[in-house]
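Here are some short exercises to try with the structure open beside you. Work through each task on your own, then read the solution.

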Amino acid sequence: MRRPEFVLALLVLIRPAAEALDNGLALRPTMGWLSWERFLCNTDCDTDPSHCISEHLYMQMADVMVKEGWKEVGYEYVCIDDCWSSNQRDAKGRLQADPKRFPGGIKKLADYVHSKGLKLGIYADVGKNTCAGYPGSLGYYDTDAQTFVDWDVDLVKFDGCFMNWTLLGEGYVNMSKALNKTGKSILYSCEWPLYEWDFNQPNYTAIRETCNHWRNSADVYDSWSSIKYILDWAAAHQDVIVPSAGPGGWNDPDMLVIGNFGLSHDQQESQMALWAIMAAPLFMSNDLRDICPRSKELLQNRYIIAINQDPLGKQGYRTAKVDSFEVWERPLSKNRLAIAVLNTQELGGARRFFISTLPSWKICGLQCNVTQILPQYKEMGVQTAHSKVAVSINPSGTALLTITPLSSSKRVYKLHWKDTSIKRKHATVL
């Protein structure tokens with residue numbers, strides 16, 4: 001094994017680049033279910049009633065989330081995406097649900113979801129139209145914010161279609177103000193940087209002050225190539241995006257597609273592990289009514305969820321590439337580390353990675369305790385700086401570990417991040 005390419009030094013991790021949106025929400029990454037990737041804009045309830053975008057779909061998902069243990073492990077939002085609304089606003093200029101597919105209206109659906117101890121999310125757009133062509137919120141920010149409050153909605157996913165990119169920041173800020181002005185705390189999920197990156201490096205200080213989480217890169221698809229693209233994008237831009245994440249505001253690499261059709265089980269483990277390392281919102285997009293037991297067990301893995309929800313609130317990042325392995329590390333509370341080692345080689349069999357080659361192995365000092373969470377849970381015991389213990393990782397699979405320095409260790413190391421997020425020549429000015 002050749003010497004790894006170290007990406008980061010080992011010093012002190014800085015605080016987030018800016019104060020978070022002050023609505024008291026998303027103090028830990030949001031968890032829930034979102035319809036888009038699996039169900040898209042299927043409005044044909046006549047021939048496909050079980051899979052179309054309708055109140056029936058969201059009520060059934062809420063039922064399953066309670067009955068099958070999803071709520072118990074932390075998934076709490078049931079989120080509507082595009083294609084829920086009528087093609088026209090009502091006579092008072094308010095959005096209205098499609099009367100055939102949502103005959104009870106959104107307020108009745110919210111009441112049903114709340115009766116299950118869950119929360120309801122809804123979709124809107126900063127521009128003239130949504131991405132699927134339904135009415136957008138441009139010119140109606142105050143009206144739509146109040147409508148969502150009247151319906152008792154708990155989360156708004158705000159897309160960025162059909163909007164001049166130079167006006168994106170203004171639009172997202174205005175909707176944030178409109179939501180806060182209602183007096184109800186509504187989690188605000190933005191796609192501001194996703195739509196600005198093609199033209200300009202976004203101002204993540206302003207984004208964090210405006211949104212509870214934000215999409216940065218391309219939509220996820222049900223494929224390993226899509227997951228790899230998102231990971232590569234995150235690593236390539238981590239000097240910009242990582243400092244912005246923390247309690248109240250998170251980078252969103254998009255939905256978990258675990259339990260669908262396109263990923264092997266090893267690849268599903270990789271997505272779950274890396275999303276936990278990145279402190280990502282965990283929004284599943286699958287059919288919870290019909291999901292394989294292994295995918296369900298993975299998505300409900302309490303050890304992985306605990307890493308994702310760690311109270312320190314620091315996003316992890318890629319720290320090394322070596323011999324077709326990638327190492328991603330995340331600082332955790334109590335001076336611990338979570339480490340994901342991804343085998344990027346997509347041929348052959350399982351390969352071994354020696355944990356003593358990890359960039360942050362010096363955190364152990366004299367001794368540390370190592371726990372393997374993926375691919376299967378295993379206590380690896382007390383290790384030293386010279387341990388020869390290795391993990392075995394399948395092609396496109398990931399080993400997920402936690403490292404806990406023991407009290408006898410005198411030397412303490414913390415991860416360093418250079419703050420490059422605020423002073424940018426081309427930053428958006430609001």
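**Exercise 1.** In this predicted model, work out how the span of helix H6 (residues 168-181) fits its number of residues.

*Solution.* Step one: H6 has 14 residues. Step two: the expected span is 1.5 Å times one less than the number of residues, which gives 20 Å for H6. Step three: the helix reaches 20 Å from its first C-alpha to its last, close to the expected value.

**Exercise 2.** Find which residues of H6 are buried, and what covers them.

*Solution.* Start with the cut-off: buried means under 20% relative accessible area. The residues of H6 that count as buried are Leu 168, Gly 169, Gly 171, Tyr 172, Val 173, Met 175, Ser 176, Ala 178 and Leu 179. Next, look around them: their cover includes the helices H5 (141-150), H7 (192-196) and H8 (204-210), along with strands E5 (155-159) and E6 (187-190).

**Exercise 3.** Asp 152 and Ser 396 each have a positive phi without being glycine. Locate each one and decide: buried or partly exposed?

*Solution.* Take Asp 152, with phi near 65 degrees. You will find Asp 152 in the loop between H5 and E5. Its relative accessibility is 26%, so Asp 152 counts as partly exposed. Now turn to Ser 396, where phi is about 60 degrees. Ser 396 sits in the loop between strand E16 (390-393) and strand E17 (398-405). Its relative accessibility is 6%, so Ser 396 counts as buried.

Conventions:
Residues numbered from 1 in each chain as written. Predicted model: local features only at pLDDT ≥ 70, side-chain atom pairs only at ≥ 80, totals over all residues. Heavy atoms only, no water. Helix = DSSP H or I, 4+ residues; strand = E, 2+ residues; numbered from the N terminus. Buried < 20%, exposed > 50% of the residue type's maximum accessible area, 1.4 Å probe, protein only. Contact = heavy atoms within 4.5 Å.
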